[in-house]
Amino acid sequence: MAFRHKNTRRIEGLDSNVWVEFTKVAADPSIVNLGQGLPDISPPSYVKDELAKAAAVDRLNQYTRGFGHPSLVKALSQVYERVCGRKIDPLTDILVTVGAYGSLFSTIQALIEEGDEVIIIEPFYDCYEPMVKMAGAKPVFIPLRYVNKFNSKTKAIILNTPHNPIGKVFTREELQVIADLCIKHDTLCISDEVYEWLVYKGNKHIKIATLPGMWERTITIGSAGKTYSVTGWKLGWSIGPQNLIKHLQVVHQNTLYTCPTPLQEALAQAFWLDYKRMDDPDCYFYSLSRELESKRDRMAQLLQEAGLKPVIPDGGYFMIVDVSTLNVDLSDVHEKQPYDYKFVKWMITSKKLSAIPLSAFCGPETKRQFEKYIRFCFIKKDSTLDAAEVILKNWNKQTA
Amino acid sequence: MLRRAGPSLRHFLLERKSSAGYSSYSSEAKMSRPVQARRLEGIDKNIWVEFVKLAATYSKVNLGQGFPDFPPPDFLKEAFVRALSGENHMLHQYTRAFGHPPLVKILAQFFGKLLGRDLDPMTNVMVTVGAYQALFCCFQAFVDEGDEVIIIEPFFDCYEPMVKMAGGMPVFVPLRPKAPKDGKLMSSADWQLDPAELVSKFNERTKAIVLNSPNNPLGKVFSRGELELIANLCVKHDTLCISDEVYEWLVYDGKEHIRIASLQGMWDRTVIIGSAGKTFSATGWKVGWTVGPNRLLQHLRTVHQNSVYHCATVAQEAVAQGFQRELELYGKPESYFVQLPKELQQKRDWLVQSLDAVGMKPIIPEGTYFLVADISEFKSDVPDVPDSDEPYDSRFAKWMVKNKGLATIPLSAFYCGAHKNNYNHFIRFCFAKEEATLKAANDILQKWKLERTSP
């Protein structure tokens, strides 16, 4: 009998992934990697020390509470109570997940289904679209400055502030417009705030969940990877009202049940340390932001000196830039891919510098609009930025 | 949720200040349908949430949830510390999504050797967040609405809700106990499938069968004959096999763990699932893996990249080093895979003696670190309640943890709703515990026995 087993309908068409494609290409150590969003700076030493301490305790190498290690959910509730100005119950209002990615998945699986529409603001962190599709729902794309697609089928809007890849930090007024629409249409808000601490001078990160009428309809997502420069720990969290979080917990108990224990314990201890100094400028939440602001400014300068016009981000650790002024002719490249995909691949091979094409963050109708943009990640050590500087300075000296 | 088109808010640009005064619904608008997705229907209950809480509150000795109370081996803990504190701080950042290269390479080598196959680390192995997430990926990748999945009872409880969440229909087939030889204690080998009954469960809608050998909770290690029976049916009906082998190293009395994927016609249709937590006594690390043909794993990769994407790096690095050591020591007495089952067998025998002495009838497990015992003799302490919704063994286990401080898990937890009362006078013990713990359990049981038999 012939083998009849193909993939399920829910994952039809979801097999390709920009990261799988580009991380492979950029893995060559001779490439200056400003592509994937991972730091090459070291996490703070106390974070690593706490992990070593946790691993030395026997019971911390075994299962912990499924919905989140008690000391971690307690620490998170304290930090976020302070930030949000409201009581947060560590056991019912928080779920710890495998990265913010896991929180997005749990939220979408818990609350989104066939027949629903989910508004996604473009450009968007690429996983939102396939996750919505995997839940059987329809992604509805809207450009950053235009929010008119709410209707009776709109189950949720996904908000990402500070925004990846643009680096926008939504203002209170902008959040209020979204909030008003959510309340009017009884829509949920999935608020991806992984870069919440990385906001630069003149900007303030505002949690949409703190706006009137929004706590009860918002899931706010955070990330240890982005907060503590430990993307490889893959710990994230969802915070929200019990009547929503309980459904995420059901998904979690039926998908992976519990997250790793020693990492959660170490993270809890790191949070306590920084919670105690939240009034102190040395708190890592603020010191990292300051460090990144100077890297942002340096990155912008390098790009400007190369004749490019980068979009200066107000938050996050990405910077996008229009490369059309470089006039790189790739018409002889026959692959059917948007210009920016071809450009990045060409740049990796001929300039040994990597980035991510912006059309990876666009829905089908806007890909053309953004196909001259690429995204650089600047949470990199000085020597990496130095190497990037050399490449950019010499850009025009070599023939393409 | 009440959904109505209100006054038009078309062309509302973000740059404009929001205007007050449009009519809006009160934020207490009632929902006309539930907020949660239908896929969560019937899967919200979970036995562990309740029993873990009870154990935490009442138990003096916890033989309930399945995790060791002894640490992982030193070589593994040392590998973890080396990974987190070493010069390469990039081990704190993302690694390859489908598995950290050193880990998938050693897993491909190790399992390739065991299966007698050349395995490609990039396409025949995928790392997951524990075996639990591997199971999830399998069901999501292969089970569509209307597909049937055969589950052998008693079963690790997550299989049923995972099949349901994928829209599938679980079809249950029981292991049935045969009476042991005169005077002997029952063995997990005495619990067997009825071949005709198994055959009757396969049809054209059967997408997969879940096999768990060694089996949690009974400890059964399926024999070659039993595996061949299952394999023949899989081949005949073109059925997939999801083979949960997390306890693969924990087999006793010289028994052999046979991998169904090594049987004729099975490699191409089987996903093998393994667990670092069970292999290396580090359940809290949540590192698992799948091994199988690329044509199946490619779909697991799609689910994985759209659900968690990466697994934590440091633990993967440490597990890779653990496996490297075990590959070098394979079959030798210093191998952890030789030492751990040896130690656990002793603990098994000790617990068997303990239970037998007080009148609980243990079923001797051929594998895993679980043991099931018949508590019928103790019914006088916890009388039956007719018309109770709750299975007897569940009430018994709750009573026992509250009154005797000994935590266990009722066997009915491992049966589907309709069958929970079929075998409701058994409880499951976990014996992956320090000697002191097992001794303390024995003390509780002995004291209880004295109370029962004293005039």
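**A tour of cysteines and cavities**

Select B:Cys241 and B:Cys234 and show their sulfur atoms: the sulfur of B:Cys241 has its closest cysteine sulfur in B:Cys234, at 5.1 Å, which is too far for a bond. The model on your screen is a predicted one. A disulfide is a covalent bond between the sulfur atoms of two cysteines. To count as one here, the two sulfur atoms must lie within 2.5 Å, so the 5.1 Å between B:Cys241 and B:Cys234 rules the pair out. Now turn on the surface around B:Cys241. This residue is buried, with a relative accessible area of 1%.

Next, select B:Cys430. The nearest cysteine sulfur belongs to B:Cys158 and is 17 Å away, and B:Cys430 is in no disulfide. B:Cys430 also counts as buried, at 0% relative accessibility. The cut-off for buried is under 20% relative accessible area. If you go on to search every chain, expect to find zero disulfides in the whole structure.

Leave the cysteines and move to the empty spaces. How many cavities of 30 Å³ or more does the structure hold? There are eight.

Start with the largest cavity, which contains about 430 Å³ of space. To find its centre, select A:Tyr63, B:Tyr132, B:Phe156, B:Tyr247 and B:Lys278, the residues nearest to it among the 27 that form the lining. Then colour two helices of chain B, H4 (130–142) and H8 (276–279); each supplies at least two residues of this lining. Which element gives the most to the lining of the largest cavity? It is H4(B), with four residues. Colour the lining by class and you will see twelve nonpolar, ten polar and five charged residues.

Now go to the second largest cavity, with a volume of about 330 Å³. Its lining has 24 residues, and those closest to the centre are A:Tyr101, A:Tyr125, A:Tyr195, A:Lys226 and B:Tyr94. Select those five to place the cavity on screen. For the helices, switch to chain A: H4 (99–111) and H7 (224–227) each supply at least two lining residues of the second largest cavity. H4(A) provides the largest share, four residues. Coloured by class, the lining of the second largest cavity shows eleven nonpolar, nine polar and four charged residues.

To end the tour, show the two helices together with their cavities. H4(B) gives four residues to the lining of the largest cavity, and H4(A) gives four to that of the second largest.

Definitions and conventions. Residues are numbered from 1 along each chain as its sequence is written. Chains are lettered from A and ligands numbered from 1 in the order in which they are written. This is a predicted model: local features need pLDDT of at least 70, side-chain atom pairs count only at pLDDT 80 or more; totals for chains, interfaces and linings use all residues. Side-chain values use heavy atoms; hydrogens and water are left out. On a 1 Å grid over the protein atoms alone, a cavity is a set of points where a 1.4 Å probe fits but cannot get out, and a pocket is an open set with protein on both sides within 12 Å along at least five of seven lines; lining residues have an atom within 4 Å of a point. Grid points are joined across faces, edges and corners, and a volume is the space filled by probe spheres set on the points. Ala, Val, Leu, Ile, Met, Phe, Trp, Tyr, Cys and Pro count as nonpolar, Asp, Glu, Lys and Arg as charged, and the others, Gly among them, as polar. Buried means under 20% relative accessible area, exposed over 50%, partly exposed in between (1.4 Å probe, protein chains only).
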